[in-house]
Number of protein chains: 2
Amino acid sequence: MTETQTADLMIANDAYYKAFESLSMDGMKGCWAQSKDDFCAHPGWEILRGWDEVRASWCAIFENTGYMRVQITDVAVTVNGDSGWVSCIENIYTVADNRTFHSQVSAVNIFINTAAGWKICAHHASALSNMEIEDEDPFTEN
Amino acid sequence: MTETQTADLMIANDAYYKAFESLSMDGMKGCWAQSKDDFCAHPGWEILRGWDEVRASWCAIFENTGYMRVQITDVAVTVNGDSGWVSCIENIYTVADNRTFHSQVSAVNIFINTAAGWKICAHHASALSNMEIEDEDPFTEN
């Protein structure tokens, strides 16, 4: 895999997390392959198959989330031809009732290289920990 | 993707689960790419990176497991060039103290097509449920 391929894949992965934390369905739509082969397993959920099911799940999540920031750590990228995958830890910060929660989720995102660039076709995530934290959301400007 | 590619990938995926339920390190070794890019997230575990860490985890799991059968359901296969991935539900039956336990795990397995055939390079699994069941292990011959 070339450095350019890896960099392009990371840009696509970053765009996915930007859409995620921005609660943006337009952004999310632009990131996905939008195919019948797409699948998505949110932490603890059954596997959702096909873009229609995946899209509906993001709509429901976004409608029920007020504020979220996601910082990814422990990132590894592999490119193999026109396929690539990113594994990482998602550090998810949410705020509710003036309390900040931090959950850690391990995730793998699979991408395919299309005429329109790298598009995510699979997301599989599992919870590692959930805790309330004392500090302010580290992503909020003071 | 052709039917042959899909069939070959399913054979590699079946071999992986055969090695898993047989508690066979030789079998498991033959299934993996054995690369520094391999990674594995067992349910609730941190992401293990590189074949050395992945191999050590399977050794530990196999040493601490007496009997296991794995039946996969809800299987979907995608082949994209020399990459492929299988998502499925792992129905895992274990027996301890004459009691049978059934856990359901959702998993995604990523494979690369090498000179030696399809090899798994990533396994990401997350627990869906755990329960004790009344029935005998359905895989035991009466």
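**Sheet, hairpins and two-fold pairing in a predicted two-chain model**

In chain B, strand S1 (residues 39-41) and S2(B) run antiparallel and are joined by 2 bridges. Within this pairing, Phe39(B) has Arg49(B) of S2(B) as its bridge partner. The model described here is a predicted one, and it is helpful to keep that in mind throughout.

The S1-S2 pair of chain B belongs to a wider arrangement: an open sheet of 6 strands, in the order S2-S1-S6-S5-S4-S3, with mixed pairing. At its edges lie strand S2 (48-49) and strand S3 (68-80) of chain B, each of which pairs on one side only. Helix H1 (residues 3-21) of chain B packs on this sheet. The strands that H1 touches are S3, strand S4 (83-96), strand S5 (99-114) and strand S6 (117-133) of chain B. The direction of the helix makes about 155 degrees with that of S3(B).

Chain A gives a convenient view of how the chain is built up. Its secondary structure comprises 3 helices and 6 strands, and along the sequence these follow the pattern α-α-β-β-α-β-β-β-β. With a radius of gyration of 15 Å, close to the 14 Å that the globule rule gives for 142 residues, chain A is as compact as a globular protein of that length. Along its principal axes, the C-alpha trace of chain A spans about 45 × 35 × 25 Å. Of the 142 residues in chain A, 32% are buried. Contacts in chain A also reach across the sequence: among those between residues at least 6 apart, 53% join residues at least 24 apart.

Two hairpins in chain A can be followed strand by strand. Strand S3 (residues 68-80) of chain A runs antiparallel to strand S4 (residues 83-96) of chain A, and 11 bridges join them. Along this pairing, Tyr93(A) in S4(A) is the residue opposite Arg69(A). The hairpin formed by S3(A) and S4(A) has 2 residues between the strands, and Gly81(A) in the turn has a positive phi of about 65 degrees.

S4(A) also pairs with strand S5 (residues 99-114) of chain A, in the antiparallel sense and over 14 bridges. Here Asn91(A) stands opposite Gln104(A) in S5(A). S4(A) and S5(A) again form a hairpin with 2 residues between them. In the turn of this hairpin, Asp97(A) has a positive phi of about 50 degrees.

The two chains meet through 24 residues of chain B, which are in contact with 24 residues of chain A. On the chain B side, the elements that give two or more residues are S1, S3, S4, S5 and S6 of chain B. By character, the residues on this side of chain B divide into 11 nonpolar, 9 polar and 4 charged.

What turn lays chain B on chain A? A turn of 180 degrees, with a shift of 0.0 Å along the axis, does so with an RMSD of 0.0 Å. The two copies are therefore related as by a two-fold rotation axis. In chain B, Ser126(B) has the C-alpha nearest the axis, at 2.7 Å from it. The same surface serves both copies, as 100% of the contact residues of chain B recur in chain A.

Key:
Residues are numbered from 1 along each chain as its sequence is written. Chains are lettered from A and ligands numbered from 1 in the order in which they are written. This is a predicted model: local features need pLDDT of at least 70, side-chain atom pairs count only at pLDDT 80 or more; totals for chains, interfaces and linings use all residues. Two strands pair if DSSP finds at least two bridges between them. Helices (H or I, at least four residues) and strands (E, at least two) are DSSP runs, numbered from the N terminus. Two residues are in contact if their C-beta atoms, placed from the backbone, lie within 7 Å. Axes are lines fitted to C-alpha atoms, for helices over the stretch in contact, and angles run from 0 to 180 degrees between N-to-C directions. Ala, Val, Leu, Ile, Met, Phe, Trp, Tyr, Cys and Pro count as nonpolar, Asp, Glu, Lys and Arg as charged, and the others, Gly among them, as polar. Copies are superposed by least squares on the C-alpha atoms of residues with pLDDT of at least 70 in both. The radius of gyration is taken over C-alpha atoms; the globule rule is 2.2 Å times the number of residues to the power 0.38. A residue is buried if 20 or more other C-beta atoms lie within 10 Å of its own, exposed if 12 or fewer, and partly exposed in between; C-beta atoms are placed from the backbone.
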